Amino acid sequence: MFGSLGALELIIIALVIVLIFGVGKISGLGRELGTSIKEFRRAVKDEDAEAQKQPQQPTYQQVTQAPPPPPPVAVQPPASNQQQAGDSTNRNTPNLF
């Protein structure tokens, strides 16, 4: 359960804790822990009941409309190359040398 700790070691640890804090302090801590858990459960239950009473408001995504489609892209006709493909004076291509 706790690795290499046996039952005898756990009993000794529990006795040391009782000797340090005392029985009254330990029972008080247990009582406070129980009441805090009870209050937490009650708060969660109250929030759930309150959420069910209120009408559900539409979320942002439900209220907004879809964005309009983007405008069409203007298509340019291809540039006409009047020069021959083998001509080296083509000004549209960069000179690499």
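This report covers the helices, the surface patches and the exposure of one protein chain. The model is a predicted one.

**Overall make-up**

The protein has three helices and zero strands. Read from the N terminus on, its elements run α-α-α. Of its 97 residues, 1% count as buried. About 10,100 Å² of the protein is exposed, and carbon and sulfur atoms supply 61% of that area.

**Helix α1 and the residue after it**

Helix α1 covers residues 7–21. Its 15 residues, at 1.5 Å a residue, should span 21 Å, and the C-alpha atoms at its ends are 21 Å apart, so the expected span and the model agree. G22 follows α1, and the phi of G22 is positive, near 90 degrees.

**The nonpolar patch**

Which residues make the nonpolar surface patch? They are L5, L8, L10, I12, I13, V16, I17, V18, I20, F21, V23 and I26, and the patch has an area of about 1,000 Å². The elements that give two or more residues to this patch are α1 and α2. Helix α1 gives the most, with nine residues. One of the patch residues, I13, has its place in helix α1. The relative accessible area of I13 is 42%; because this value falls between the limits of 20% for buried and 50% for exposed, I13 counts as partly exposed.

**The negative patch**

A patch of negative charge also lies on the surface, where D46, E47, D48 and E50 gather. D46 belongs to helix α2, which takes in residues 23–53. With 45% relative accessibility, D46 is partly exposed, since the class of partly exposed residues runs between 20% and 50%.

**Two patch residues side by side**

The table sets out one residue from each patch, with its helix and its relative accessible area.

| Residue | Helix | Relative accessible area and class |
|---|---|---|
| I13 | α1 | 42%, partly exposed |
| D46 | α2 | 45%, partly exposed |

**Summary**

In this predicted model, the protein consists of three helices with zero strands, and 1% of its residues count as buried. Its surface carries a nonpolar patch of about 1,000 Å², to which α1 gives the most, and a negative patch that includes D46, a residue of α2.

How values were computed:
Residues numbered from 1 in each chain as written. Predicted model: local features only at pLDDT ≥ 70, side-chain atom pairs only at ≥ 80, totals over all residues. Heavy atoms only, no water. Patch = residues over 30% accessible without salt bridge, like charges linked within 9 Å, V, L, I, M, F, W, Y side chains within 5 Å. Areas by Shrake-Rupley, 256 points an atom, 1.4 Å probe, with all protein chains shown as cover. Salt bridge = Lys/Arg side-chain N within 4 Å of Asp/Glu carboxyl O. Lys, Arg positive; Asp, Glu negative; His and termini not counted. Charge placed at Lys NZ, Arg CZ, Asp CG, Glu CD. Helix = DSSP H or I, 4+ residues; strand = E, 2+ residues; numbered from the N terminus. Buried < 20%, exposed > 50% of the residue type's maximum accessible area, 1.4 Å probe, protein only. Expected span 1.5 Å × (residues − 1).
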